Amino acid sequence: IINKAPTISCPGNITVNNTIGQCGAIVNYPAAIATGSPVPVITYSQNSGTFFPVGVTTVTATATNACGVATCTFTITVV
């Protein structure tokens with residue numbers, strides 16, 4: 001088996017309305033998809049299911065394994 005550096009694909013950009021009475025919203029987004037060998041671990045600069053402030057937040061997804069690192073980004077916009 002030949003080990004391979006990770007590749008990663010992010011979900012698309014997301015726009016949501018703020019939660020009434022708050023300056024932001026809790027946003028759930030789909031997981032990024034990563035491949036590689038060994039199977040990469042994916043981490044996010046801000047996790048799904050957390051509070052995003054009004055405005056645009058760029059989320060970076062990072063896939064890491066013994067052979068390397070790959071990243072991708074997408075935005076969460078709260079209006």
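Which residues make up the largest nonpolar core? Keep that in mind as you go through these close-ups of a predicted model.

**View 1. The largest nonpolar core is a group of 9 residues.** Here you'll find Ile14, Ala25, Val27, Tyr29, Phe52, Val59, Phe74, Ile76 and Val78. Strand 3 (24-27) and strand 8 (68-78) each chip in at least two of the core's residues, and strand 8 gives the most, with 3. As background, nonpolar side chains tend to be buried together in soluble globular proteins.

**View 2. Zooming in on valine 27, a member of that core.** Leaving out residues up to four places away in sequence, Val27 touches Val16, Ser48, Gly49, Thr50, Phe52, Ile76 and Val78. Apart from the largest core lies another one, made of 6 residues that include Ile8, Ala32, Ala61 and Ala70.

**View 3. A cis peptide bond links serine 37 to proline 38.** Omega for this bond is near 0 degrees. Where does proline 38 sit? Look in the loop between strand 4 (33-37) and strand 5 (41-44).

**View 4. Asparagine 65, a residue of strand 7 (residues 55-65).** Is asparagine 65 buried or exposed? Asparagine 65 counts as buried because its relative accessibility is 11%, and the cut-off for buried is under 20%. A polar atom of the asparagine 65 side chain lies 2.8 Å from the backbone nitrogen of cysteine 67. Setting aside residues up to four places away in sequence, asparagine 65 touches Lys4, Ala5, Pro6, Gly36, Ser37, Pro38, Val39 and Pro40. That list includes Ser37 and Pro38, the two residues joined by the cis bond in View 3.

Definitions and conventions
Residues are numbered from 1 along each chain as its sequence is written. This is a predicted model: local features need pLDDT of at least 70, side-chain atom pairs count only at pLDDT 80 or more; totals for chains, interfaces and linings use all residues. Side-chain values use heavy atoms; hydrogens and water are left out. Helices (H or I, at least four residues) and strands (E, at least two) are DSSP runs, numbered from the N terminus. A nonpolar core is a set of buried Ala, Val, Leu, Ile, Met, Phe, Trp, Tyr and Cys residues joined through side-chain atoms within 4.5 Å. Buried means under 20% relative accessible area, exposed over 50%, partly exposed in between (1.4 Å probe, protein chains only). Contact means heavy atoms within 4.5 Å. A polar contact is a pair of N or O atoms within 3.5 Å; within protein, one must be able to donate a hydrogen and the other to accept it, and residues adjacent in sequence count only if both atoms are side-chain atoms.
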